Amino acid sequence: MKPVVAIIGRPNVGKSALFNRLVQKRVAIVEDIPGVTRDRITSDTEWQGKWFTLVDTGGLVADARDPMGAQIRRQVELALAEADVTLLVVDARDGVAPADRDAAEVVRRSGRPAILVVNKGEGAGAGAAEADAYSLGLGEPVVVSAIHGTGTGDLLDRIATLLPQYEAPGEDDSRVKVAIVGRPNVGKSSLLNAILGEERVIVSSEPGTTRDAVDVARDIGDRKFLFIDTAGMRRRSKVGESLEKYSVSRALRAVDRADVAVLVIAADQGVTDQDKKIAGYVQDKGKALVLCFNKFDLVSIDEAGRRSRPGELEERREALVELARWHLGFVSHAPVVFTTATDGQGVTTLIDGTWEAAVQHARRVPTPELNRVIHEAFLLSPPPSEKGKELKVYYATQVAARPPVFVLFVNEPGIVKVPYVRYLEGRLRQSFGFEGTPLVIRFRRRE
């Protein structure tokens with residue numbers, strides 16, 4: 001395991017800005033309002049040949065009576081439990097506050113090596129703030145400005161001296177990247193926790209709980225995954241403040257870097273227009289897709305509170321599958337699974353389906369087999385001629401994977417119409433599977 005360095009502190013001291021500065025990219029959302037970060041955000045980084053995982057956390061408050069504050073504090077405690085080194089961040093402009101002393105006590109109780117960081121040290125009062133910081137009893141502080149980057153080299157040098165030995169392996173891109181996407185409050189975070197078997201991300205009935213895209217690497221058996229929990233995506237007209245715009249932007253970027261997207265749909269609400277738009281975005285980006293009807297327990301119980309019998313339950317499943325095929329016919333290749341994240345039902349099926357979709361997304365077909373299937377398809381159902389010209393196919397080859405892309409060399413590419421392309425796609429799926437992944441078929445004139 002890479003060494004872990006956790007950043008903690010009270011709200012609005014610049015933890016996320018420091019996190020972004022140290023990993024040298026904008027991963028965490030930064031806003032000049034308290035409480036933006038809630039979940040643990042992680043990113044691997046390196047300094048002077050030493051690799052470590054940096055963890056950003058939510059603001060630690062002394063009195064976390066509200067449910068959200070309590071969950072944020074729990075995430076901070078979990079980050080501290082995993083950390084090899086802790087960075088306690090305080091604000092040079094405010095000086096040492098009572099909440100900083102509480103945070104320092106939490107750090108001392110953890111028993112982990114700690115570095116006291118005085119952030120926003122670009123102002124005139126940085127010297128006084130540094131002297132005041134000694135009172136926290138965590139040794140010599142490091143004064144930095146996360147916004148301007150001053151002092152961060154010295155901070156990284158201090159971190160490097162405290163890191164345990166770790167030999168970085170060669171670059172590994174074998175993990176299947178899975179983006180969990182959907183509208184707000186459909187159970188995406190609950191589903192990720194059920195997959196991981198732990199409280200990795202905060203769950204609340206309040207829409208918009210997840211803000212950042214949260215990456216979690218996990219091996220399940222011999223399968224290597226990188227799961228990405230994302231913020232709920234509402235209709236563009238409903239997206240208001242800049243914070244939500246950042247969240248939606250990160251959700252879309254999570255799809256861009258994923259191999260597979262799991263579109264989570266509330267089973268009790270059915271397929272909405274926004275679900276169609278999200279599925280369309282996944283399709284346009286050429287990503288594999290799994291449709292997940294979560295909260296299936298809500299449709300397996302009737303209005304009288306009676307649980308459905310096995311036959312009735314299967315009828316409800318079939319009705320939802322038919323609903324998905326009707327409204328999401330343009331992604332008919334996507335498998336449909338049913339889950340109840342609160343008790344883990346269907347999670348194993350979801351994991352299996354996601355892995356298989358990734359396998360099919362990366363699949364390559366041997367050229368001889370591909371040409372045999374294409375020529376059989378043309379013999380069984382030749383394309384309509386146009387102005388006396390008949391389409392002739394000479395050769396077919398697969399030129400890419402993720403998604404699979406096929407090129408057919410023909411005499412007249414302009415003759416080919418959309419219905420015939422769909423027919424060929426169906427023949428390829430019938431012969432080779434490709435469940436879960438889009439296919440791209442292109443036609444080129446043979447020179």
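**Exercise 1. Is Phe-225 buried or exposed, and what does its ring pair with?**

Work it out from the accessibility, then follow the ring to its partner.

*Solution.*
- Keep in mind that you're looking at a predicted model.
- Start with the accessibility: Phe-225 has 0% relative accessibility. Buried means under 20%, so Phe-225 counts as buried.
- Now look for the ring partner. The centres of the Phe-225 and Trp-355 rings are 5.3 Å apart, and the planes meet at 70°. Planes over 60 degrees apart count as edge-to-face, so that's the label for this pair.
- Next, place both residues. Phe-225 belongs to strand β9 (residues 223-229) and Trp-355 to helix α10 (residues 347-361), so the pair ties together parts 130 residues apart in sequence.
- Trp-355, at 22% relative accessibility, counts as partly exposed.
- To finish, add Phe-227: together with Phe-225 and Trp-355 it makes up one aromatic cluster.

**Exercise 2. Classify the ring pair of Tyr-395 and Phe-409**.

*Solution.*
- Here the centres are 6.3 Å apart and the planes are at 35°. That angle is neither under 30 nor over 60 degrees, so the pair is tilted.
- Tyr-395 sits in strand β13 (residues 393-400) and Phe-409 in strand β14, so parts 14 residues apart in sequence are tied together.
- Both residues are partly exposed: Tyr-395 has a relative accessible area of 39%, and Phe-409 has 23%.

**Exercise 3. Find out how strand β4 is enclosed and which strands it pairs with**.

*Solution.*
- Go along β4 (residues 85-91) and check each residue. Seven of the seven are buried, so the strand is largely enclosed by the rest of the structure.
- Split the strand into its two faces. Val-85, Leu-87, Val-89 and Asp-91 are buried on one side, and Thr-86, Leu-88 and Val-90 are buried on the other.
- Turn to the neighbours. Strand β1 (residues 4-8) pairs with β4 in parallel over four bridges, and Ile-8 stands opposite Leu-88.
- Strand β5 (residues 114-119) also runs parallel to β4, joined by six bridges. There, Thr-86 has Ala-114 as its bridge partner.
- Trace the chain from β4 to β5: the path goes through helix α3 (residues 98-110), giving a right-handed β-α-β crossover.

**Exercise 4. Compare where the partners of three salt bridges sit: Asp-215 with Arg-257, Lys-224 with Asp-219, and Arg-445 with Glu-412**.

*Solution.*
- First, the idea: side chains of opposite charge can pair when their charged atoms come close. The model's total is 17 salt bridges.
- Asp-215 and Arg-257 have their closest N and O atoms 2.9 Å apart. Asp-215 is in strand β8 (residues 214-220) and Arg-257 in helix α7 (residues 242-257), with their positions 42 residues apart in the chain. Asp-215 is buried at 16% relative accessibility, while Arg-257 is partly exposed at 36%.
- For Lys-224 and Asp-219, the closest N and O atoms are 3.5 Å apart. Lys-224 is partly exposed at 31%, and Asp-219 is partly exposed at 39%.
- For Arg-445 and Glu-412, the closest N and O atoms are 3.4 Å apart. Arg-445 lies in strand β15 (residues 440-445), and Glu-412 lies in the loop between β14 and α12, so the pair links parts 33 residues apart in sequence.

**Exercise 5. How confident is the model, and where does pLDDT stay under 50?**

*Solution.*
- Across the protein chain, pLDDT averages 83, and 84% of the residues score at least 70.
- The stretch to flag is residues 30-36, where pLDDT stays under 50.

Key: Residues numbered from 1 in each chain as written. Predicted model: local features only at pLDDT ≥ 70, side-chain atom pairs only at ≥ 80, totals over all residues. Heavy atoms only, no water. pLDDT = per-residue confidence, 0-100. Contact = heavy atoms within 4.5 Å. Buried < 20%, exposed > 50% of the residue type's maximum accessible area, 1.4 Å probe, protein only. Pairing = 2+ DSSP bridges. Right-handed = clockwise from strand over helix to strand, strands pointing away. Salt bridge = Lys/Arg side-chain N within 4 Å of Asp/Glu carboxyl O. Phe/Tyr/Trp six-rings, centres within 6.5 Å; stacked < 30°, edge-to-face > 60°.
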